[in-house]
Amino acid sequence: MSDIYLKEKQEVLRALGKGEIGLTTQEAKHIQREKGYNELIEKKKKSVLCIFLEQFKDFLVLILIAASVISAILGDIESAIVIGVVITINAILGTIQHQKAEKSLNSLKQLSAPNAKILRDGETKIIPSREVTVGDIVYLEAGDFICADGRIIDNASLKVNESALTGESLAVDKQDIEITKESPLGDRINMVYSGSFVTYGRAKFIVTEIGMDTEVGKIATLLKNTAERKTPLQVNLDQFGKKLSIVILLICVFLFAISVWKGEAVIKAFMFAVALAVAAIPEALSSIVTIVLAFGTQKMAKEHAIIRQLQAVEGLGSVSVVCSDKTGTLTQNKMTVINLFVSEINENVKNLTFDLPLERKLLAYSLLCNDASHIDGVKIGDPTEVALVDLAERGNNQGKMELGTVTQIREKYPRIYEIPFDSDRKLMSTVHQIEDKIIVITKGAVDVILEKASQIEFDDGVREITKKDKENILKTNLSYSTDGLRVLGFAYQEIAKEEIYNITEDNMTFLGMISMMDPPREESKAAVEECKMAGIRPIMITGDHKITAAAIAKQIGILGDKDKAVEGAEIDGLSDQDLIDYVENVSVYARVSPEHKIRIVKAWQDKGNIVAMTGDGVNDAPALKQADIGVAMGITGTEVAKDAASMVLTDDNFATIVKAVENGRNVYQNIKKSIQFLLSGNTAGIIAVIYASIAGLAVPFAPVHLLFINLLTDSLPAIALGLDPHSLGVMKEKPRDKDESILTKDFLMGILVEGFVIAIMTMSAYYVGLENSGEAAASTMAFATLCLSRLVHGFNSKSQKAIIFTKEIVNNKYLFGAFFVGFILLNTVLLVPELSGIFEVTALSSELLFTIYVLALANLFVIQVLKWVQNKIKAM
Ligand code: ATP
């Protein structure tokens with residue numbers, strides 16, 4: 001149906017079945033069975049087998065397998081089998097980890113999948129876009145993504161950005177008209193196309209094509225699976241890992257040469273060197289980061305923050321400025337009308353009798369220029385407008401609104417045309433047939449409304465508006481705002497029929513004002529305080545009036561005595577350089593436009609900060625992209641804003657951002673713990689081997705020992721540390737410097753020292769074994785001690801501080817689990833005689849076994865003491 005734009009609207013509606021009443025769920029399901037879901041088909045996912053095989057693609061692992069095959073041919077079949085089994089188990093664990101991480105990332109993707117507002121079963125419903133099908137009636141408003149191709153059947157100033165399809169970045173005006181001659185896609189103004197988005201206005205369309213049949217589906221080659229982009233931390237670790245691998249390989253070559261020189265069989269020495277390289281090279285670093293980040297995002301999702309990009313979790317840890325909207329984020333977005341102002345009289349609604357005709361007129365107009373509705377006890381729409389509906393209903397219940405209920409008034413004076421509310425213009429206008437007149441009703445910010453008014457209505461009639469009237473109105477507006485109230489002004493104008501679709505909103509008659517209260521969220525104050533304690537600067541950026549914003553900001557602690565509240569326009573005159581100095585003192589920006597938001601974010605970033613910025617409208621998308629962490633509102637936010645953001649709040653709450661920062665900091669700490677654990681353990685193994693070589697001892701470990709240790713410690717305890725319980729203490733520290741590498745000198749020093757301690761215990765065990773029963777027992781002792789020490793070391797890695805006598809040491813059940821699994825497997829290898837040949841261990845006396853336990857446990861005490869001393873020195 002590529003020529004559908006040439007067909008008459010009625011013809012399209014008829015052709016697609018049910019016309020304007022839309023489909024029933026049953027019918028939709030039926031069509032879906034035939035046409036499939038409304039989605040672009042992704043490239044086939046990798047199979048589990050493919051992922052499993054990928055675990056072997058590591059060059060060293062392949063060499064190791066080759067070496068063990070050769071050694072099997074030469075007669076050592078047993079160890080070849082064991083090496084094969086250990087490597088296979090490792091690959092299975094790797095596959096499981098990969099699948100788990102993938103699953104949790106996929107479930108996050110589902111959480112942030114786009115929705116569409118449609119008519120189904122005669123009701124307006126919001127459903128996932130993939131379930132929209134041909135024949136559905138879809139509603140569009142500013143900020144919506146267009147989910148399918150379709151013919152417009154009802155239109156109110158719709159403007160659509162179709163750049164994804166046509167490359168044209170200017171929004172296109174859409175119209176519900178007939179097109180008679182063939183036109184290129186960009187000129188088919190009676191159609192909307194999937195992949196574009198609404199920048200302005202409202203419309204209704206009937207879906208004509210879905211999924212791969214849409215225009216975008218036709219041009220899209222198969223979508224690549226969103227490439228797993230590595231986070232900065234992963235890139236950093238990969239680079240470090242590469243350098244470390246070279247060092248380890250050099251050490252292994254050196255050890256191989258020494259062994260051969262000492263007369264060891266080449267294949268044996270080679271196999272040992274490769275096994276050491278496999279065990280010591282921390283190939284798991286980057287994947288551990290993915291897993292810990294993915295688990296972190298699951299926790300965040302439960303706490304109302306959906307992470308759309310893994311990088312955001314890392315970035316959250318170093319956020320130093322949070323720029324937040326006011327309405328709904330810092331406040332409850334539950335509006336109640338407080339005052340009415342008409343004819344120079346200010347009336348508190350508590351005392352409102354609805355007796356003044358002008359008050360009733362203001363209320364009636366406030367219902368007409370209003371999209372909120374109240375159906376069966378459910379209030380739908382913008383809370384600002386719902387508050388107006390609430391008040392008018394109260395009047396009607398008291399029998400004072402002679403015009404009747406909301407529905408009756410709207411039916412009596414139907415809307416002929418509208419210019420929807422736009423937070424840039426801060427205005428909304430609707431055109432109605434009222435009796436025999438055509439009236440434009442405009443509501444919006446009082447200052448903007450006053451600019452448009454040339455007359456004013458009083459009880460006794462309409463006259464020119466004077467300077468004094470304006471001063472009086474502004475004075476009242478100021479007093480409302482000082483109380484933190486949000487104020488709307490109302491004006492109207494009679495126009496001629498020809499002007500209906502060309503209204504100018506000028507020469508209007510000022511009718512009155514309505515003020516409403518939107519109390520701060522209860523949790524906002526504490527969250528702001530927590531931010532400040534954590535070295536994060538909270539900033540309010542709002543479209544509301546400056547005085548209202550300042551009053552609320554004061555209540556919740558954002559605006560301190562020395563901070564300034566300014567209007568967006570005040571920064572227009574500043575150069576970018578001047579703005580960098582200026583932003584430091586400003587905590588509240590009012591009446592801002594999306595361009596202001598971008599400049600404010602940039603200025604803070606140029607000062608070296610990591611900035612989180614909230615947004616909801618379609619015009620906020622560039623600012624959300626500019627911010628390091630763009631935060632979109634899940635409830636009130638548009639699909640476009642959500643798409644541009646790296647985090648979506650499902651409760652639109654400022655406190656959730658602070659909680660997410662806390663989670664981000666903790667996740668980063670946990671990643672650090674895992675890395676420290678992995679690297680210090682590997683270091684211990686290498687030090688022990690180098691020492692043995694220098695001291696002229698026999699190699700302390702067989703290749704199978706190294707691989708067994710690698711298997712037991714590289715996965716479970718490292719992941720368990722990544723899941724360490726979060727600590728509240730992280731919010732008492734300053735934000736992490738954005739350029740700070742995780743691998744600081746201190747961090748690497750810590751790894752080296754801990755590696756040394758574990759190596760000392762390992763070699764002590766070796767000597768005890770050597771003294772008591774010879775080389776075979778020495779090797780078994782060294783192997784068992786290194787293995788158990790690394791398991792014990794998991795508890796050391798929980799904190800940079802000494803925590804041995806605190807509850808913190810025992811608060812991670814996963815770590816205990818990993819420890820016990822490892823402990824049991826190790827003891828099975830040591831104690832089951834049938835396994836001794838395979839694992840190249842000898843039977844040990846109970847004294848020697850006890851020595852292993854003591855030495856392994858000693859790591860805990862020694863390293864804890866070292867941590868304690870180090871912290872004491874630091875504190876001095
Ligand atoms: P924030 O950016 O903190 O969410 P906000 O919601 O107060 O701020 P906007 O929605 O941009 O900001 O509103 C700006 C101004 O527009 C308000 O101060 C009010 O005067 C006016 N306004 C808000 N909602 C409407 C509406 N539905 N119709 C007409 N005018 C409105």
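Which residue follows H26, and is its phi positive or negative? In this predicted model, the residue after H26 is Gly-774, and its phi is positive, near 100°. Helix H26 itself runs over residues 745-773. Its 29 residues should span 42 Å at 1.5 Å a residue, and because the C-alpha atoms at its two ends lie 42 Å apart, the helix agrees with that expectation.

It helps to step back to the chain as a whole. The chain holds 876 residues, and 53% of them count as buried. Its secondary structure comprises 30 helices and 26 strands. Taken along the principal axes, the C-alpha atoms fill a box of roughly 115 × 65 × 50 Å. Among contacts with a separation of 6 or more, 71% join residues that are 24 or more positions apart. Confidence averages a pLDDT of 88 over the chain, and 98% of the residues score at least 70. A stretch that calls for caution is residues 222-227, where pLDDT stays under 50. For this stretch the model has eleven contacts beyond four places in sequence.

Helix H9 offers a useful way into the interior. Spanning residues 266-280, H9 has 15 residues and reaches 21 Å from its first C-alpha to its last, close to the 21 Å expected at 1.5 Å a residue. The helix is mostly covered, with eleven of its 15 residues buried. Ala-269 and Met-271 belong to this buried set, as does every residue named from Phe-272 through Ala-273, Val-274, Ala-275, Leu-276, Ala-277, Val-278 and Ala-279 to Ala-280. The cover over these buried residues includes helix H4 (59-73), helix H5 (77-111) and helix H8 (232-261), together with H23 and H24.

The same part of the chain leads to the cavities. Two cavities of 30 Å³ or more were counted, and the largest has a volume of about 80 Å³. From H9, Leu-276, Ala-279 and Ala-280 take part in its lining. The rest of that lining consists of Gly-681, Asn-682, Gly-685, Ile-686, Leu-706, Ile-709, Asn-710, Leu-786 and Arg-790. Besides H9, the elements that each supply at least two lining residues are helix H23 (654-694), helix H24 (703-714) and helix H27 (775-796). H23 gives the largest share, four residues. By character, the lining divides into seven nonpolar residues, four polar and one charged.

The second largest cavity encloses about 60 Å³ of space. Its lining is made up of 13 residues, and those nearest its centre are Phe-341, Glu-344, Ile-456, Phe-458 and Ile-473. Strand S10 (336-342), strand S17 (453-458), helix H16 (467-482) and strand S20 (508-517) are the elements that give two or more residues to this lining. Here the residues divide into seven nonpolar, three polar and three charged.

Individual positions fill in the picture elsewhere in the chain. His-432 sits in strand S15, which covers residues 427-434. Because its relative accessibility is 1%, under the 20% cut-off, His-432 counts as buried. Leaving aside neighbours within four places in sequence, the contacts of His-432 take in Leu-368 and Cys-369, the run Tyr-413, Pro-414, Arg-415 and Ile-416, and then Lys-437, Ile-438, Ile-439 and Ile-441.

Lys-412 has its place in helix H14, residues 406-412. With a relative accessibility of 47%, Lys-412 counts as partly exposed. Lys-412 and Ile-434 are 22 residues apart in sequence, and their C-alpha atoms are 8.0 Å apart in space.

Gly-201 belongs to strand S7 (residues 197-209). Its relative accessible area of 4% is under 20%, so Gly-201 is buried. A separation of 60 residues in sequence lies between Gly-201 and Glu-141, yet the two are 5.8 Å apart in space, C-alpha to C-alpha. Glu-141 is also one of the contacts of Gly-201 once neighbours within four places in sequence are set aside. The others are Leu-140, Ala-142, Ala-156, Ser-157, Leu-158 and Pro-420.

Note on methods: Residues numbered from 1 in each chain as written. Predicted model: local features only at pLDDT ≥ 70, side-chain atom pairs only at ≥ 80, totals over all residues. Heavy atoms only, no water. 1 Å grid on protein atoms, 1.4 Å probe; cavity = no way out; pocket = protein on both sides within 12 Å on 5 of 7 lines; lining within 4 Å. Points joined across faces, edges and corners; volume = space filled by probe spheres on them. Nonpolar A, V, L, I, M, F, W, Y, C, P; charged D, E, K, R; others polar. Buried < 20%, exposed > 50% of the residue type's maximum accessible area, 1.4 Å probe, protein only. Contact = heavy atoms within 4.5 Å. pLDDT = per-residue confidence, 0-100. Expected span 1.5 Å × (residues − 1).
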